[in-house]
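Please consider how the strands of this fold are arranged, and how its helices and its ligand are placed.

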Amino acid sequence: MAKKICLVTGANGAIGKAMVEEFKNENMIVIATDLYLKGLQKGESVFEYILDVTNDSLIDKFFDEINKKFTKIDVLVNCAGILRSKSFDELQVNEWNQTLSINLTGTFAVSQKVYQLMKKNKGGVIVNIASDAGEIGSTMSSADYAVSKAGVICLTKCIAREGAEFGIRSNVIAPGFIKSEMLEKFEEYWGMKKLKETVDSIPLRRMGCPEEVAKLASFLASENAQYITGATFDINGGSCMN
Ligand SMILES: NC(=O)c1ccc[n+]([C@@H]2O[C@H](COP(=O)([O-])OP(=O)(O)OC[C@H]3O[C@@H](n4cnc5c(N)ncnc54)[C@H](O)[C@@H]3O)[C@@H](O)[C@H]2O)c1
């Protein structure tokens, strides 16, 4: 049977790297993309590409190449994103636009290209990475981040509704605190003490690991999740219980 193919954006980040490793271990071919290649895993089944999810012409070129080389994508995991931590009264319009364009519009642009391919191939799974901030509003992140992630949650549901008749499922993971470089932004803004207090207040009293997020994505992409679409999955040690 032909190997399944998984595309990961933001594959050079903490969660993206764990996704690449997870899907590689599931015997899939992984197309790992990010702004730069340094640090991405290499190997027989991992192909690296530079992809800025805000650059329309680069996206077109990338998918022209992918369509020729791979012909299908079975799983898409959208991890590319940036975090900001700033008070509402200080947030600049250009900062707002930048976050929305990477986190939300970037997720839309890549998902749409992959959706078209999946529709042609009569099926596929999209897993988006949002955040608990997208459900409850910004706590330590800023409004631009929270709103972009709320948008990703809604976008996931829109794709799930329209994609169902074509065999496309779409779900979203909303992580809390996951060990990553991204969290250094919190430390920069709030200080180590506040960050430690916040982690201590998590019912499970620790941050999550990127691998735990990847395991959840792997489940959502699997046959075991065939009846799951349009759903939001919290993974936060109990810090936010909806
Ligand atoms: N780490 C956490 O605690 C946490 C919590 C909730 C949600 N998330 C979300 O998980 C996803 C992955 O985050 P992470 O923790 O691995 O952070 P990270 O900063 O380690 O990784 C993010 C990756 O996205 C890439 N990226 C940024 N702008 C891009 C662009 N324009 N085009 C393509 N790639 C771009 C970066 O180069 C980086 O490799 C993000 O969407 C983030 O918002 C993370």
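Strand E4 (residues 75–78) runs parallel to E5 and is joined to E5 by 4 bridges; strands count as paired if DSSP finds at least two bridges between them. Helices (H or I, at least four residues) and strands (E, at least two) are DSSP runs, numbered from the N terminus. Asn78 stands opposite Asn128 in E5. This is a predicted model, in which local features need pLDDT of at least 70, side-chain atom pairs count only at pLDDT 80 or more, and totals for chains, interfaces and linings use all residues. Residues are numbered from 1 along each chain as its sequence is written.

The open sheet has 7 strands in the order E3-E2-E1-E4-E5-E6-E7, with parallel pairing. Strand E3 (46–50) and strand E7 (232–235) each have a single partner strand, so one side of each edge strand lacks a neighbour in the sheet.

Helix H5 (residues 143–163) has 21 residues. Among its buried residues (20 or more other C-beta atoms within 10 Å of their own, C-beta atoms being placed from the backbone) are Val152, Leu155 and Ile159. The buried residues of H5 pack against helix H3 (93–120), strand E5 (124–129), helix H4 (133–136) and strand E6 (168–175), contact being C-beta atoms, placed from the backbone, within 7 Å.

Which residues come nearest to the ligand? Of the 29 around the ligand (C-beta atom, placed from the backbone, within 6 Å), these are Gly10, Gly13, Ala80, Gly81 and Ser180. Helix H1 (14–25) and H3 are the elements giving two or more residues to this shell, and H1 gives the most, with 3 residues.

Definitions and conventions. Expected span 1.5 Å × (residues − 1). Buried ≥ 20, exposed ≤ 12 C-beta atoms within 10 Å, placed from the backbone. Contact = placed C-beta atoms within 7 Å.
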